[in-house]
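Reader: I'm new to protein structures and don't know where to look. Could you walk me through one?

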Amino acid sequence: MVGIWKQEFQLKDLTDASQAEKHRMAFAKKRRILQEGIAYCHVKGWRPVFVTPPVPPETRACIGEEFLQAFVYDNLKELQNQYPWIPLLDYYGDSRFEASMFQNDIFVNQVGRQRFSEILFHDIAEHFSED
C-alpha cells in the first residue's frame with residue numbers, strides 16, 4: 001500500500017513532511033468535502049465524528065510522525081478548530097489492534113473489523129452519553 005500511495009500522490013517517501021506543501025490545494029478540497037458532509041449531517045440532525053482507523057504496525061513503521069502530522073492531523077485540527085463539537089476518535093496507533101487483526105498492510109480482517117466496530121461504537125456511545 002505504501003508503494004501505491006507514493007505513486008498515486010507522487011511522494012518520494014512517507015517521512016518527508018515538506019512534501020505536504022505541494023498538496024495544500026488537495027487538502028483544502030478534501031476539507032471542503034468534509035465540510036459539506038458536516039453540513040448535511042447538521043441538516044439531518046446527525047452527529048458527525050472524525051475517525052482515524054487503526055493501521056498495522058508494519059505500515060506505521062513506514063510513515064514518519066512529522067509526515068503524519070502534516071498530511072493528516074494538521075488537516076483534522078483545522079476542521080476541529082472550525083467544528084470543536086465534533087469529536088476525534090483516533091485509532092491510528094491503537095495498541096488494541098494487533099498485527100494479526102489485519103488482512104494486509106492497511107485493512108483489518110474479520111476479527112479486526114469486529115473488534116474495531118465494538119470499540120468504535122462503545123466510544124461513540126460513551127462520548128455522546130456525556131451530552
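**Reading the fold, step by step**

Author: Let's start with a single pair: the side chains of Glu118 and Arg115 meet in a salt bridge, 3.6 Å from N to O. Keep in mind that this is a predicted model.

Reader: Where do Glu118 and Arg115 sit in helix α5?

Author: First the general idea: an α-helix has 3.6 residues a turn, so residues three or four places apart point the same way. Now the case here: Glu118 and Arg115 are three residues apart in helix α5 (residues 110-129), which separates them by about one helical turn.

Reader: And are Glu118 and Arg115 buried, partly exposed or exposed?

Author: For that, look at relative accessible area: under 20% is buried, over 50% is exposed, and in between is partly exposed. Glu118 has 39%, so it is partly exposed. Arg115, with 31%, is partly exposed too.

Reader: How many salt bridges are there?

Author: The count comes to five. One of them joins Lys12 to Asp16, with the closest N and O atoms 2.8 Å apart. Its two ends sit in contrasting settings: Lys12 is exposed at 56% relative accessibility, whereas Asp16 is buried at 19%.

Reader: Which parts does the salt bridge between Arg31 and Glu78 tie together?

Author: Arg31 and Glu78 meet at 3.3 Å, N to O. Arg31 belongs to helix α2 and Glu78 to helix α4, so this pair links parts that are 47 residues apart in sequence. Arg31 is buried, with a relative accessible area of 15%, while Glu78 is partly exposed at 43%.

Reader: Let's step back, then. How many helices and strands does the chain have?

Author: Five helices and two strands. Reading from the N terminus, their order is α-α-β-α-α-β-α. The C-alpha atoms fill a box of roughly 45 × 35 × 20 Å along the principal axes. Of the chain's 131 residues, 37% count as buried.

Reader: How do I read contacts against sequence?

Author: Check how far apart the partners are along the chain. Among contacts with a separation of 6 or more, residues 24 or more positions apart account for 72%.

Reader: Can we zoom in on one helix? How many residues does α2 have, and how far does it reach?

Author: Helix α2 runs over residues 24-44, which makes 21 residues. From its first C-alpha to its last it reaches 30 Å, close to the 30 Å expected at 1.5 Å a residue. Right after α2 comes Gly45, whose phi is positive, near 80 degrees.

Reader: Which residues of α2 are buried?

Author: They are Phe27, Ala28, Arg31, Ile38 and Cys41. Looking down the axis of α2, you'd find these buried residues within an arc of 130 degrees, so they line one face of the helix. That face packs against β1 (50-52) and α4 (65-82). Turned away from the buried side are the exposed residues Met25, Glu36 and Val43.

Reader: How do I read a nonpolar core? Which residues touch the most other members of the largest one?

Author: Think of a core as buried nonpolar residues joined through their side chains. The largest one here has 20 residues, and Leu14, Phe50, Ile63, Phe67, Phe71 and Tyr92 touch the most other members. Two elements, α2 and α4, give two or more residues to this core. The largest share, seven residues, comes from α4. Apart from this core lies another, of nine residues, among them Leu89, Tyr91, Phe102 and Val108.

Reader: What does Phe71 touch, beyond its neighbours in sequence?

Author: Leaving out residues up to four places away, Phe71 touches Leu11, Ala17, Gln19, Ala20, His23 and Phe27. Phe27 should ring a bell: you met it among the buried residues of α2.

Reader: One last residue: is Thr59 buried or exposed?

Author: Thr59 lies in helix α3 (residues 57-60). With 2% relative accessibility, Thr59 counts as buried. Its side chain reaches the backbone oxygen of Asp105 at 2.2 Å. Setting aside neighbours within four places in sequence, Thr59 is in contact with Val2, Trp5, Asp105 and Ile106.

Methods: Residues numbered from 1 in each chain as written. Predicted model: local features only at pLDDT ≥ 70, side-chain atom pairs only at ≥ 80, totals over all residues. Heavy atoms only, no water. Helix = DSSP H or I, 4+ residues; strand = E, 2+ residues; numbered from the N terminus. Expected span 1.5 Å × (residues − 1). Buried < 20%, exposed > 50% of the residue type's maximum accessible area, 1.4 Å probe, protein only. Arc of directions from axis to C-beta. Contact = heavy atoms within 4.5 Å. Core = buried A, V, L, I, M, F, W, Y, C linked by side-chain atoms within 4.5 Å. Salt bridge = Lys/Arg side-chain N within 4 Å of Asp/Glu carboxyl O. Polar contact = N/O pair within 3.5 Å; in protein donor to acceptor, adjacent residues only side chain to side chain.
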